[in-house]
Amino acid sequence: MTPLDHALEAAARARVTLILGTSDTGKTSLTARLAAALAARGERVAVVDADVGQSEIGPPTTVGLGRVSGALARLGDAEVWALEFVGDTSPVRYIRETAEATGRLVRRALDAGFERVLVDTGGLVEGPLGLALKRAKVRATDPDLVLVLQRREESEPIARALESAARPTVLRLAPSPAVVRRTATRRREHRERALREYLARAATLTLPTERVPLRDRRGQPLTSAGEGLLLETLGIARVRAWDAVRGVVVIDTPVPAERIASLVAGRATWRE
């Protein structure tokens, strides 16, 4: 059996599989291949994209839940079921929030009757922050299986910590030699392209802030919002203008105005 075959058989026995490893080890490609293979066996499969900077299910700044019903050319081909807004393209400032959002989507998938849930994670694995983030995601998602992709031993501190408990099962895999490493510039370009494609479907809305209040991530009211600030609606929105005198905020979003009850501000901004 090939390493991929071993991973597939292990994932076929697990309700929740979490894939971790540093950047450019092929986590997202592996997630897509495993999800498609499990779906081809007749399993009900969901994927959670917890890489908020390089999101494929939903736009950057979000954790996405997708349904897999067939072959996937890429993870982004999954049908979007739900999004959780983190508000930043880096999980470092929002370790707890990112982990909790990931956990909520895993539970949502299980409650909906999905038999296999695969969780793709970001590339921060090294150092205290990487260890804290991955431990938080493991606690939040409670996986049965963790697939560790690593070139050398960069993820060993996490892998050994997980193996010290009765579960989850840990399976180490070498990255595919076909994986292409991306520079910071290419990662930024990916984020910009993904946001541009998402907002290409947007309409410009003028909303009364009395009806649609703006709040920060802690639930506190905002008194202003700068141009380009990304907001949570049922999807995400970009601020065009805020007029405190008129009591309106102008945003770009693909979400219909009648479905927006409130807006939550993130830290990330984006301008064309």
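The expected span of a helix is 1.5 Å times one less than its number of residues. Keep that rule handy for the tour of this predicted model.

**Stop 1: colour by confidence**

Start with the whole chain coloured by pLDDT. The average is 90, and 100% of the residues score at least 70. Which element has the lowest mean, and which the highest? Select α4 for the low end, at 87, and β2 for the high end, at 97.

**Stop 2: helix α3**

Now select residues 95–111, which make up helix α3. Try the rule here: with 17 residues at 1.5 Å a residue, the helix should span 24 Å, and because its end C-alpha atoms are 24 Å apart, the two agree.

Next, show the side chains. The buried residues of α3 are I95, E97, T98, A99, A101, T102, G103, L105, V106 and A109. What covers them? Switch on the strands β1 (16–21), β2 (45–50), β3 (62–68), β4 (79–85) and β5 (116–121), then add α4 (127–141); the cover includes every one of these.

Before leaving, click on G113, which follows α3 and has a positive phi, near 95°.

**Stop 3: helix α2**

Move to residues 27–40, the helix α2. This one has 14 residues, and the distance from its first C-alpha to its last is 20 Å, close to the 20 Å expected. Its buried residues are K27, L30, T31, A32, L34, A35, A36, L38 and A39. Just past the helix, pick G42 and look at its backbone: phi is positive here too, about 95°.

**Stop 4: the second largest pocket**

Stay with α2 for a moment, since it supplies three residues to the lining of the second largest pocket, the largest share. To find the spot, select L30, R33, A174, P175 and S176, which lie nearest the pocket's centre among its 14 lining residues. The volume is about 320 Å³. Add α1 (3–12) to the view as well, as both α1 and α2 supply at least two lining residues each. What kinds of residue line this pocket? Nine are nonpolar, four are polar and one is charged.

**Stop 5: backbone oddities in the loops**

Go to the loop between β1 and α2 and click on D24. Its phi is positive, about 60°, although D24 is not a glycine. Is D24 buried or exposed? With a relative accessible area of 13%, D24 is buried, because buried means under 20%.

Then jump to the loop between β2 and β3, where T61 sits. T61 is another residue other than glycine with a positive phi, near 85°. At 0% relative accessibility, T61 counts as buried.

For a cis peptide bond, zoom in on the link between R167 and P168, where omega is about 10°. P168 belongs to the loop between α5 (156–163) and β7 (169–173).

**Stop 6: P60 and its company**

Finish back in the loop between β2 and β3, this time at P60. P60 is buried, with a relative accessible area of 0%. Which residues is P60 in contact with, leaving aside its neighbours within four places in sequence? Select V52, G53, S55, T89, R191, A194, L195 and I236 to see them. As a last click, draw a distance between the C-alpha atoms of P60 and Y198: they are separated by 9.5 Å, though the two residues are 138 residues apart along the chain.

Conventions: Residues numbered from 1 in each chain as written. Predicted model: local features only at pLDDT ≥ 70, side-chain atom pairs only at ≥ 80, totals over all residues. Heavy atoms only, no water. Helix = DSSP H or I, 4+ residues; strand = E, 2+ residues; numbered from the N terminus. Buried < 20%, exposed > 50% of the residue type's maximum accessible area, 1.4 Å probe, protein only. Contact = heavy atoms within 4.5 Å. pLDDT = per-residue confidence, 0-100. 1 Å grid on protein atoms, 1.4 Å probe; cavity = no way out; pocket = protein on both sides within 12 Å on 5 of 7 lines; lining within 4 Å. Points joined across faces, edges and corners; volume = space filled by probe spheres on them. Nonpolar A, V, L, I, M, F, W, Y, C, P; charged D, E, K, R; others polar.
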